[in-house]
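The following exercises concern strand pairing and burial. Please inspect the model before reading the solutions.

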Amino acid sequence: MCELFGYSGDREQGLSNWLMPFRARGGSDNPDGWGVASWNGQYADVVKSPEPGCSSQRFAQLAAGLRTRLAIAHVRKARHPPVAGMLNTHPFAHACCGRQWVFAHNGLVPEVIAWQAVGSLCHPVGDTDSEYAFCHLLREIAECYGGAEHDAWIDRLAGMSERIAALGKFNFLLSDGQMLIAYGHDRMHHLEFDAAQGRRSIVATEALTDDAWQPFSPGELRVYRDGTLLARVAPLASSGGGLA
């Protein structure tokens, strides 16, 4: 089932140490497409293809040479719908709250497609349950999003994530071009560095290196900016709850 990679740092860095092994995950287990979104300004450069990532020369070049402060990547195993195609390849991008948002998902929540229409804010262009879930998340935070200093939208995002996760499996990465937001329903790990090379936080479905990766608590949402953890929301049973 699909895999995710996210990066947030306090300066532009090369990501080959993580993107090269991540690319290898786009093989027999996840052969139905790959995509990378990276930022060097307000808007993301989204490069993707419905071909297997492990054999894509374009992905190899990107993984080896990309330098950025913020990135989201995805390798896909097509589940809903069970076919490859550019419109259904992650990451997806939609506008909300005066910003461009990018989203990638691991899991399966097909019932979300039958939920009440997402309205005029966000229209899925493909057929995946992932993109429908993305639009529901944006609709939920549209009225209260105001940047990292405002907690209300983070709490609402966490609440809607939990509702969608109840439909099946729902792990995702989301960004507004400033923050990296990661939700780990049942399968996500994080790794943080604060050294001479800068402050860096990496999130992935499974560990990509021999470093001391830590698993998310079930249902945990983490918000990073410039490599620093800004907020953490987790269910009461696993963390005591609340906004860190």
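**Exercises on a predicted model**

In strand 6, Val-102 is the bridge partner of Ala-93. The model used here is predicted.

**Exercise 1.** Determine how strand 5 and strand 6 pair, and identify which helix packs on the sheet.

*Solution.* Step 1: strand 5 and strand 6 (residues 99–108) pair in the antiparallel sense over five bridges. Step 2: helix 3 (residues 129–141) packs on the sheet and touches strand 5, strand 6 and strand 7 (169–175). The direction of helix 3 makes about 130° with that of strand 6.

**Exercise 2.** State the strand order of the open sheet and explain what the edge positions imply.

*Solution.* Step 1: six strands form this open sheet, in the order 5-6-7-8-12-13, with antiparallel pairing. Step 2: strand 5 (92–96) and strand 13 (228–233) stand at the edges with a single partner strand each, so one side of each lacks a neighbour in the sheet. Step 3: on average, neighbouring strands of this sheet are turned by 20° against each other, direction ignored.

**Exercise 3.** Establish which strands pair with strand 4, and whether strand 4 is enclosed or open.

*Solution.* Step 1: strand 1 pairs with strand 4 in the antiparallel sense over eight bridges, and Ser-8 stands opposite Leu-70 in strand 4. Step 2: strand 2 (residues 34–39) and strand 4 also pair in the antiparallel sense, over six bridges; Gly-35 has His-74 of strand 4 as its bridge partner. Step 3: seven of the nine residues of strand 4 (residues 67–75) are buried, so strand 4 is largely enclosed by the rest of the structure.

**Exercise 4.** Classify Gln-13 as buried or exposed.

*Solution.* Step 1: Gln-13 is found in strand 1 (residues 3–14). Step 2: its relative accessibility is 14%, and buried means under 20%. Gln-13 therefore counts as buried.

Terms used
Residues are numbered from 1 along each chain as its sequence is written. This is a predicted model: local features need pLDDT of at least 70, side-chain atom pairs count only at pLDDT 80 or more; totals for chains, interfaces and linings use all residues. Side-chain values use heavy atoms; hydrogens and water are left out. Helices (H or I, at least four residues) and strands (E, at least two) are DSSP runs, numbered from the N terminus. Buried means under 20% relative accessible area, exposed over 50%, partly exposed in between (1.4 Å probe, protein chains only). Two strands pair if DSSP finds at least two bridges between them. Axes are lines fitted to C-alpha atoms, for helices over the stretch in contact, and angles run from 0 to 180 degrees between N-to-C directions. Contact means heavy atoms within 4.5 Å.
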